[in-house]
Amino acid sequence: MSRRCELTGKGPMTGNNVSHAKNRTRRRFLPNLNDVTLQSETLGRGVKLKISASALRSVDHRGGLDQFLAKAKDTELSDGALKVKKEIAKAQTATA
């Protein structure tokens, strides 16, 4: 399982630990990932995703999972999130 956000694509970054004596050793900065169940209003069910804390705030800011996925780029989404996005779009066209 990769350490990558399913909604934003945020993943590990690399950098240096720098000591007081300026000795540098390589390190990894990991994203703050959480397993959450987000409710989709269109589908009427919960969707389990592994997303970063910043993505969770973005979902809340945009007004929910449906609105976030509508504006999200397909290249950043994981396969599971892309599948949910297509399900939501299909359900919205069926009701409209």
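## Exercises on helix 3 and its surroundings

In this predicted model, the buried residues of helix 3 are Ala81, Leu82, Val84, Lys85 and Ile88.

**Exercise 1.** Determine how the buried residues are arranged around the axis of helix 3, and state which elements cover them.

*Solution.* Step 1: the buried positions are Ala81, Leu82, Val84, Lys85 and Ile88. They cover an arc of only 160 degrees around the axis, and therefore lie on the same side of helix 3. Step 2: in general, an α-helix has 3.6 residues a turn, so residues three or four places apart point the same way. Step 3: the face turned away from the buried side of helix 3 carries exposed residues, namely Asp79, Lys83, Lys86, Lys90, Thr93 and Ala94. Step 4: the cover over the buried residues of helix 3 includes strand 3, strand 4 and helix 2 (65-71).

**Exercise 2.** Compare the span of helix 3 with the expected value.

*Solution.* Step 1: helix 3 comprises residues 79-95, 17 residues in total. Step 2: at 1.5 Å a residue, the expected span is 24 Å. Step 3: from its first C-alpha to its last, helix 3 reaches 25 Å, which is close to that expectation.

**Exercise 3.** Identify the salt bridges of the structure and classify the accessibility of each partner.

*Solution.* Step 1: a search of the whole structure yields 2 salt bridges. Step 2: one joins Arg45 and Glu87, with the closest N and O atoms 2.5 Å apart. Arg45 belongs to strand 4 and Glu87 to helix 3, so this pair ties together parts that are 42 residues apart in sequence. Step 3: Arg45 counts as partly exposed because its relative accessibility is 36%; Glu87, at 28%, is also partly exposed. Step 4: Lys85 forms a salt bridge with Asp74, the closest N and O atoms being 2.8 Å apart. Here Lys85 lies in helix 3 and Asp74 in the loop between helix 2 and helix 3, 11 residues apart. Step 5: the cut-off for burial is under 20% relative accessible area, so Lys85, at 18%, is buried. Asp74 has a relative accessible area of 43% and is partly exposed.

**Exercise 4.** Describe the pairing of strand 3 with strand 4 and the turn between them.

*Solution.* Step 1: strand 3 (residues 33-40) and strand 4 (residues 45-52) run antiparallel and are joined by 8 bridges. Step 2: within this pairing, Val36 has Leu49 of strand 4 as its bridge partner. Step 3: the two strands form a hairpin with 4 residues between them. In the turn, Gly44 has a positive phi of about 75 degrees.

Methods: Residues are numbered from 1 along each chain as its sequence is written. This is a predicted model: local features need pLDDT of at least 70, side-chain atom pairs count only at pLDDT 80 or more; totals for chains, interfaces and linings use all residues. Side-chain values use heavy atoms; hydrogens and water are left out. Two strands pair if DSSP finds at least two bridges between them. The expected span of a helix is 1.5 Å times one less than its number of residues. Buried means under 20% relative accessible area, exposed over 50%, partly exposed in between (1.4 Å probe, protein chains only). The arc is that of the directions from the helix axis to the C-beta atoms. Contact means heavy atoms within 4.5 Å. A salt bridge is a side-chain nitrogen of Lys or Arg within 4 Å of a carboxyl oxygen of Asp or Glu.
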